[in-house]
Structures are given as structure tokens and as C-alpha cells.
Number of protein chains: 2
Amino acid sequence: MSCEGETVALLRSGGHRLTPQRQRVASALQHAGGHRTVEELHALIAHEQGAPMPLSTVYRALTTLKELRAVSEIDAGGRSAFAWVDRSRPHHHLVCRGCGTERDLDPALLQRLGDAIRAATGFEAFLDHFAITGQCESCRQGAARA
Amino acid sequence: MSCEGETVALLRSGGHRLTPQRQRVASALQHAGGHRTVEELHALIAHEQGAPMPLSTVYRALTTLKELRAVSEIDAGGRSAFAWVDRSRPHHHLVCRGCGTERDLDPALLQRLGDAIRAATGFEAFLDHFAITGQCESCRQGAARA
DNA sequence: CGTACAATTGCGAATATTCGCGGAGGGAAC
DNA sequence: GTTCCCTCCGCGAATATTCGCAATTGTACG
């Protein structure tokens, strides 16, 4: 993965400092892929990079990266999970409250929402990575019957 | 506020039990209005209802009420806040990451998103009360200049 | 109205997340 | 390359949130 360069540029962009800790957290999340909890990242960092890092530093690095929109936080059923954001390929989740299944949502729909918000209010919504809860079709039918 | 009847019906609906604790938490949130933290609700319950209640019970009642879509949870800058949901009058927030200001968003825009999701996937999105982060117009212009 | 059963509460302990502080180190200016 | 300032890190403590378990209590049923 061509991460180093991207990350460096990103971190520098917001007036934030480029520190090894942030690079390590970013690298861990990029290589792990998908949604990862803080605990998972903490373990990955310790195992795969040789040296451990205090948990609080992982939290702080993630907070900073989140401000830069380099990572997104998603509330995955109680514990929060983080994912590296690929802004060129946004993706979103539909999470069913009934059965817990999760499917992806066409990003175009959310982009349309973003455009509408911008047109109506001048506000630019950050819609890189969203989780929308609701009820899937089969659960809805099951609930209607009961 | 005509709360008692509504709340009773809501609580019974999901196969959940109607307990005094849940009624008290619901009542506190309804009468307080707006977004409230757990700590605020805990204090309100103790003061205005005479008897205190363990914090963990407040958390659990809120979790249950959230499942029933009677309350919504919003991440208000680190600590989470809860609000009573009036499903007949959904409202949403645009929160600027730059200056922190917050404004309401026309619910029709989100309703359109919900309709689109339903048409495309059969999934019914719960869009009663949403917070969307982004950048307001003035902060955007300020950022562009820098 | 009494009984039985399962959901719920209260309590305290476990876990998750944030914070404050003093020292260390990034990076802009010379 | 050196200096200085200011942000950031590591650490431990403070907070916030969840969990386990025994006792309680809604609710369905007879």
C-alpha cells in the first residue's frame, strides 16, 4: 500500500505535527483494513511493529487523524471502531437493528444528500463514511406479521 | 405534556416491561427537553422526582428507550447526549467542525434520502434525529484563504 | 387473587475512554 | 546546525460506561 507519502501529506496539512506515533497508528490501520477497535489496533501495533504504545496515545492519535478526516469512527454495537478513509472511494453501511446484518449503500445516494445540503445551506457535509441504522426488508416483514 | 399515555404504549409495544424506572427516565427527558447528558438526567431525576436512581439504571433505561426509538443518542462533542424523539416532527443538526456552531437541517432532505434508500434496497432507514458534521460556509471560506 | 417465569433493578466491580502534568521532540527561524 | 517555542507523548489518575449476579417485580395465566 502506498501509505507513507499520503499520510505524511495529510498529517502536515492540518497544522498538526508529524510524529512517529501518528504514523504508526495510521500504518496499522491502513494495513489492517476494515473496521478496527482501539484494542485491536493497540495489539497490532505492539505485535507487528515490535514496540508497544500506551493505549492513551492510540486514542489521541486516532482523535487527531479523525480531525483530519483520515480515519472515521463508527459506533459498531457499543464499542467504537475506526477505519481508514479513502476519500476517493466513500462507502456507507446500512445496519439492521433487528438481525444486525450489514450491507453497503450506494455512495451516490449520500452524495446527492450532500449536494442538496450544500445547495440549501452552504454547509459542506462530510459524508465519507456513514452508518445508517434501520430495519432490513425481511425483519420489517417479520415485525409486520407479529 | 401528554406524556404518560404515549410512553406507556411505547414501552409496552416492544415486548418490554413497563417499569417505574423507565417511566421516570422518560418523563425526565420529556420535561427537560432538548439534548441532555446522562449526568444531567441523573441529577434531574433525583431533584425533581424526590428519589435518586443508580446511574447504571439510567443508562439501561436509555438503552431500552433507544431500542424503541423513543429517544435518540447524539454524540455531542465527546459526551453523548439524549433527546426525546418526536417522530412526527423529526429534526436534524448540521455541526461545523471548525467553529462548532450548529444549525438545523430541513427534515425533507433526509426524508428524501430515506425514500431513496428504501426504493433502492428495501431497507427502512431510521432518520428521526441525525447529526451531520462538516464545515459551514464561513469556515470554508476561511480555510480556503489560509 | 395467587403463582410462576423471565425480564429488570441495584449494587459494586470491570472496562473503556479521557484528562492533567511534566518532560521530550518536531519544525520554523536564524 | 542551533535555538526556541509550542505541540505532543508517556504516565498515572479521573471519568464515563458497561457488566455480572442475586434479589425483585412486571405480566401472563389459571
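Below, a student and a tutor talk through the protein and DNA contacts in this predicted model.

Student: Before we start, what should I know about the numbering and the cut-offs?

Tutor: Residues count from 1 along each chain as its sequence is written, and chains are lettered from A and ligands numbered from 1 in the order in which they are written. As the model is predicted, local features need pLDDT of at least 70 and side-chain atom pairs count only at pLDDT 80 or more, while totals for chains, interfaces and linings use all residues, and side-chain values use heavy atoms, with hydrogens and water left out.

Student: Okay, how many residues does each chain bring to the contact between chain B and chain A?

Tutor: Contact means heavy atoms within 4.5 Å. Here chain B brings 31 residues and chain A brings 31 residues.

Student: And what area is buried between them?

Tutor: The size of an interface is often given as the accessible area lost when the parts come together. Buried area uses a 1.4 Å probe and is summed over both parts. For chain B and chain A that gives about 2600 Å², with 67% from carbon and sulfur atoms. On chain B's side, F123(B), F126(B) and R140(B) supply 23% of the area buried against chain A, more than any other three residues.

Student: How many salt bridges and polar contacts link the two chains?

Tutor: A salt bridge puts a side-chain nitrogen of Lys or Arg within 4 Å of a carboxyl oxygen of Asp or Glu. There are 2 between chain B and chain A. E124(B) forms one with R140(A), where the closest N and O atoms are 3.6 Å apart. A polar contact is a pair of N or O atoms within 3.5 Å; within protein, one must be able to donate a hydrogen and the other to accept it, and residues adjacent in sequence count only if both atoms are side-chain atoms. Between these chains, 8 residue pairs are in polar contact, both residues at pLDDT 80 or more.

Student: Which element gives the largest share of chain B's side?

Tutor: Helices (H or I, at least four residues) and strands (E, at least two) are DSSP runs, numbered from the N terminus. Helix 5 of chain B gives the largest share, 8 residues. By residue type, the side of chain B that touches chain A has 17 nonpolar, 5 polar and 9 charged. In that count, Ala, Val, Leu, Ile, Met, Phe, Trp, Tyr, Cys and Pro are nonpolar, Asp, Glu, Lys and Arg are charged, and the others, Gly among them, are polar.

Student: In which sense do strand 6 of chain A and strand 7 of chain B pair?

Tutor: Two strands pair if DSSP finds at least two bridges between them. These two are antiparallel, over 2 bridges, and E124(A) has Q135(B) as its bridge partner.

Student: Now the DNA: how many residues surround DNA strand D?

Tutor: A residue is near a strand if one of its heavy atoms lies within 4 Å of it. For DNA strand D there are 17, and R17(A), R60(A), R17(B), L18(B) and Y59(B) are the closest. Phosphate oxygens of this strand sit 2.7 Å from a polar backbone atom of L18(B) and 2.3 Å from a side-chain N or O atom of Y59(B). R60(B) has a side-chain N or O atom 3.4 Å from a base oxygen.

Student: What about DNA strand C?

Tutor: DNA strand C is surrounded by 17 residues, with R17(A), Y59(A), R17(B), R22(B) and R60(B) the closest. A polar side-chain atom of R60(A) is 3.2 Å from a base oxygen, while T19(B) places a polar side-chain atom 3.1 Å from a phosphate oxygen.

Technical notes:
Buried area is the accessible area (1.4 Å probe) that two parts lose on being put together, summed over both.
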